[in-house]
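Q: Hi! Could you walk me through this structure? I'm new to this, so plain words please.

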Amino acid sequence: MVRYFSLALVLLAVWLLLSGHYDPLLISLGVASVILTTWIAARLKIVDIEGHPIHIALRTIRYFPWLFWEIVKSNVDVARRVLSPSLPVSPRVFTVQSSQRTAVGRTIYANSITLTPGTVTIDVRGSELDVHSLTSESAAEIQSGRMDARVTIFEGAD
Amino acid sequence: MYAAAGLAIMATMVLAITRTLLGPTVYDRILAVNMFGTKTVLIIAAIAFLTDRMDLLDIALAYALINFIGIIAVLKFFEYGEFSRGGRGRP
Amino acid sequence: MLEPALDFLSWALILTGGVFGVIGGIGIVRLPTFFTRIHAAGMAETMCAPPILLGMMLQSGWSLVTFKLVVILVFLFLTSPTASHALAKAALHGGVSPHDEDVGRS
């Protein structure tokens, strides 16, 4: 039930901020559309731990700055390689084991790998991820398991 | 400032179009078109600031949505050959 | 006092975004195989759009415009890895081998 209220609140905030009109008629129309959307989402049964994962909302404050910094670092590395005349890339494919327990955790891990330039998740089989990497350094970075551990903490114990 | 951003984005778009024309496989072309779409969102935002018409940002937002759904639809078409079939194992 | 500093920061962010965008474009033309080109496109998406949009946010201050830019940024950040992964997976199932060095070379 908490999820429905939080979904309705988020939708209402988005509606108010995107419309920018605050007279009673338009706000009541907005409230009506928010209730309709929440009802449709409830009928579709997508307001669950996957569709609206509010339990990780607080921990994003710790995870995302770290992820942004990783993205900046690997961006600079990939940019240097693209611009150097000899094009020093050594593409390879490898498999990593993900230690997250839920599908949400694995999705966050796979998406974090893909967001970091130099590594792309190309296939997911259960808890095994096939990763394509541009260089052996970025492959070693993923295989060291630092990101995996971070995402497992981010996913939480519950 | 926004003119500089627009010029850089346009240069990127030209390079993406180059790959679209060269690209040996169909996936290369889809990749380049996806990149072109993302840059279109940015250039619409730059034009909004350049001409001081902030309503264009709504169009940029809608374009970002359409670009993503369009790429997924095209990929699904090339993977399954039709739009009506579901994922793995489904009829 | 604050105005020139904000202007300078916006310029720096927008130039960073533009430069990385062009490098991503060069990468997508220069890199040899399809799977390596995905990395260049990912670079153009993660390091080009966010700095440019952040620079614009600094210029617009606290307003609805900033919120719209935040929505665009969040949306691009959520969809770009999904699109990259869908592309890589479709190419893999469509018969482009990531192991072969010469497939897709042009």
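A: Happy to! Let's begin with a term we need: buried area is the accessible area that two parts lose on being put together, summed over both, using a 1.4 Å probe. Also keep in mind that this is a predicted model.

Q: Good. What is the area buried between chain B and chain C?
A: It is about 3800 Å², and carbon and sulfur atoms give 80% of it. The contact takes 39 residues from chain B and 46 residues from chain C. In chain B, Met1(B), Tyr27(B) and Leu31(B) lose the most area to chain C, together 18% of what that side buries.

Q: How many salt bridges are there between chain B and chain C?
A: The count is two. One joins Arg37(C) to Asp28(B), with the closest N and O atoms 2.3 Å apart. That pair crosses between chains, from helix α2 of chain C to helix α2 of chain B.

Q: Are Arg37(C) and Asp28(B) buried or exposed?
A: Arg37(C) is buried, and so is Asp28(B).

Q: And which residues make the other bridge?
A: Lys68(C) and Asp58(B) do, and their closest N and O atoms are 3.3 Å apart. This pair crosses from helix α4 of chain C to helix α3 of chain B. Lys68(C) counts as buried because its relative accessibility is 13%, under the 20% cut-off. Asp58(B), at 35%, counts as partly exposed.

Q: Why would such side chains pair up at all?
A: In general, side chains of opposite charge can pair when their charged atoms come close.

Q: What else is there across the interface of chain B and chain C, say in polar contact?
A: Nine residue pairs are in polar contact there. On the side of chain B that touches chain C, the elements giving two or more residues are α1 (2–22), α2 (26–51) and α3 (56–80) of chain B. The largest share, 14 residues, comes from α2(B). By class, that side of chain B divides into 28 nonpolar, five polar and six charged residues.

Q: Let's switch. How many residues are in the contact of chain C and chain A?
A: Chain C gives 30 residues and chain A gives 34 residues. The area buried between chain C and chain A is about 2800 Å², with carbon and sulfur atoms giving 76%.

Q: How many salt bridges does that interface of chain C and chain A have?
A: Zero. There are seven residue pairs in polar contact across it, though. The elements that give two or more residues to the side of chain C that touches chain A are α1 (2–30), α2 (34–46) and α4 (64–93) of chain C. Here α4(C) supplies the largest share, 13 residues. That side of chain C has 16 nonpolar, ten polar and four charged residues.

Q: Can you pick one residue for me to look at?
A: Try His39(C), in helix α2 of chain C. It is buried, with a relative accessible area of 1%. The residues that His39(C) touches include Pro117(A), Thr119(A), His132(A) and Leu134(A).

Q: Now chain A by itself. Which helices and strands does it have, and in what order?
A: Chain A comes to six helices and three strands. From the N terminus on, the order is α-α-α-β-α-β-β-α-α. The C-alpha atoms of chain A fill a box of roughly 65 × 35 × 25 Å along the principal axes. A compact globule of 158 residues would have a radius of gyration near 15 Å, but chain A has 20 Å. Of its 158 residues, 37% count as buried.

Q: Which residue of chain A has a positive phi without being a glycine?
A: Lys45(A) is one of them, with phi near 55 degrees. Most residues other than glycine have a negative phi. Lys45(A) sits in the loop between α2 (24–44) and α3 (60–83) of chain A, and with a relative accessible area of 67% it is exposed. Leu87(A) also has a positive phi, about 55 degrees. Leu87(A) lies in the loop between α3 and β1 (92–97) of chain A, and it is buried, at 19%.

Q: Last one: which residues of chain A are linked in a network of salt bridges?
A: Glu70(A), Lys73(A), Glu141(A) and Arg146(A) are. Over all chains, the whole structure has ten salt bridges.

Notes. Residues are numbered from 1 along each chain as its sequence is written. Chains are lettered from A and ligands numbered from 1 in the order in which they are written. This is a predicted model: local features need pLDDT of at least 70, side-chain atom pairs count only at pLDDT 80 or more; totals for chains, interfaces and linings use all residues. Side-chain values use heavy atoms; hydrogens and water are left out. Contact means heavy atoms within 4.5 Å. A salt bridge is a side-chain nitrogen of Lys or Arg within 4 Å of a carboxyl oxygen of Asp or Glu. A polar contact is a pair of N or O atoms within 3.5 Å; within protein, one must be able to donate a hydrogen and the other to accept it, and residues adjacent in sequence count only if both atoms are side-chain atoms. Helices (H or I, at least four residues) and strands (E, at least two) are DSSP runs, numbered from the N terminus. Ala, Val, Leu, Ile, Met, Phe, Trp, Tyr, Cys and Pro count as nonpolar, Asp, Glu, Lys and Arg as charged, and the others, Gly among them, as polar. The radius of gyration is taken over C-alpha atoms; the globule rule is 2.2 Å times the number of residues to the power 0.38. Buried means under 20% relative accessible area, exposed over 50%, partly exposed in between (1.4 Å probe, protein chains only). Lists of a residue's contacts leave out its neighbours within four places in sequence.
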